[in-house]
Amino acid sequence: EMSEMSERSKQNVAHGLAWSYYIGYLKIVLPRVKKSMEEFSRANPNVLACRETWKLHILVPLSCDFCDDLEKADSNIQYLMDLAETTMTRAGTKKRVYKHSLYTIRDGANKLWHCAVEYATPLQSLHAMSQDECAAFSREERLEQAKLFYRTLEEILRGSKECAGTYRLIAYEEPEEAETHFLSREILWHLRQQQEEYVLSEGSQPHAPSTTLHSTELDLQISESDLPQPLRTDGF
């Protein structure tokens, strides 16, 4: 009965997508990110100066709509190169390739920042479902699912020892009126925050905090009743 209620209210969709994304992808690639960054930094010592940004930056647009080409989404974001590939046999596919792309982010003062960044691909499924009559997702339901996906993924990754310190979730809600460089500013805010954390870890004084609206100010809270409930009640 609880399973049927969850199915009717679509509460299990984002929850399942978050777990699938973690088990089938992030748990595989994230533990290798630091090593790839270190290898790149040794070959390019002046590019990735701040160790705190040696992470995979995962974009989570709550609209679930995004452009596959980051350079087309924002002209201040330019592809630099790919990090070293990881290959493994997976689900019957020989030598499946996993890789991440490094990008150059230009700020308002023409300073160049660098980071590995990509979208959370399961959000494409949520967006496609909202466009499919069979799924019957309304725009409001899609937004709630995106919030639930973010919250679930955040909780999963927070509890993962293998992935600690290898990622940065960047959740955001795009403004109603299109802004040419909104995405680059959002990424830059997070890069600056990490740089401040790096400076603090080195024992220096922090920089003045950014006044830009950022992801942590978004209302991402979902009531406990909205979360998927376990089918068993014995704690297992």
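Biologist: How many helices and strands does the secondary structure of this chain come to?
Modeller: Six helices and seven strands. They're DSSP runs, numbered from the N terminus: a helix is H or I over at least four residues, a strand is E over at least two. Along the sequence, the pattern reads α-α-β-α-β-β-β-β-β-α-α-β-α. One caution: this is a predicted model, where local features need pLDDT of at least 70 and side-chain atom pairs count only at pLDDT 80 or more, while totals for chains, interfaces and linings use all residues. Residues are numbered from 1 along each chain as its sequence is written, and side-chain values use heavy atoms, leaving out hydrogens and water.

Biologist: Let's talk helices. Why is helix 2 called oblique to helix 5?
Modeller: Their axes, from residues 12-43 and 139-158, come within 9 Å and cross at roughly 40 degrees. That angle makes helix 2 oblique to helix 5. The cut-offs: under 35 degrees is roughly parallel, over 145 roughly antiparallel, 65 to 115 roughly perpendicular, and the rest oblique. The axes are lines fitted to C-alpha atoms over the stretch in contact, with angles from 0 to 180 degrees between N-to-C directions.

Biologist: And what makes helix 4 and helix 5 roughly antiparallel?
Modeller: Helix 4 (residues 122-131) and helix 5 have axes that cross at roughly 165 degrees and come within 10 Å. Hence helix 4 and helix 5 count as roughly antiparallel to each other.

Biologist: Is the crossing of helix 2 and helix 5 left-handed or right-handed?
Modeller: Right-handed. That's the word when the near helix is turned clockwise from the far one by less than a right angle; anticlockwise would be left-handed. Helix 4 also passes helix 5 in a right-handed crossing.

Biologist: On to burial. Why is D107 called buried?
Modeller: D107 has a relative accessible area of 8%. Buried means under 20%, exposed means over 50%, and partly exposed is in between (1.4 Å probe, protein chains only). So D107 is buried. D107 sits in the loop between strand 5 and strand 6. Its C-alpha is 7.4 Å from that of N76, although the two residues are 31 apart along the chain.

Biologist: How do you know that Y119 is buried?
Modeller: Y119 has 9% relative accessibility, so it counts as buried. Y119 belongs to strand 6. In space, Y119 and I58 are 5.5 Å apart, C-alpha to C-alpha, with 61 residues separating them in sequence. Over the whole chain of 236 residues, 42% count as buried.

Biologist: What makes the contact of K99 and D82 a salt bridge?
Modeller: The closest N and O atoms of K99 and D82 are 3.2 Å apart. A salt bridge is a side-chain nitrogen of Lys or Arg within 4 Å of a carboxyl oxygen of Asp or Glu. So the K99 and D82 pair is a salt bridge. K99 is in the loop between strand 4 and strand 5, and D82 is in strand 2, so the pair ties together parts that are 17 residues apart in sequence. K99 is partly exposed at 41%, and D82 is partly exposed at 23%.

Biologist: How many salt bridges does the structure hold?
Modeller: Eight. Among them is R185 with E179, at 2.3 Å from N to O. Another is E155 with R151, at 3.4 Å.

Biologist: Why are E155 and R151 separated by about one helical turn?
Modeller: Because they're four residues apart in helix 5. R151 is buried at 13%, whereas E155 is partly exposed at 40%.

Biologist: Now the backbone. What makes K95 worth a mention?
Modeller: K95 isn't a glycine, yet its phi is positive, about 50 degrees. Most residues other than glycine have a negative phi. K95 lies in strand 4 and is exposed, at 68%. N110 also has a positive phi, near 65 degrees, and isn't a glycine either. N110 is in the loop between strand 5 and strand 6, exposed at 53%.

Biologist: Last one: which residues make the nonpolar surface patch of about 250 Å²?
Modeller: Y79, L80 and M81. Patch residues have over 30% relative accessible area and no salt bridge; nonpolar side chains (Val, Leu, Ile, Met, Phe, Trp, Tyr) are joined within 5 Å, like charges within 9 Å. The areas come from the Shrake-Rupley method with a 1.4 Å probe, and for residues only the protein chains shown count as cover. M81, in strand 2, has 33%, so it passes the 30% cut-off.
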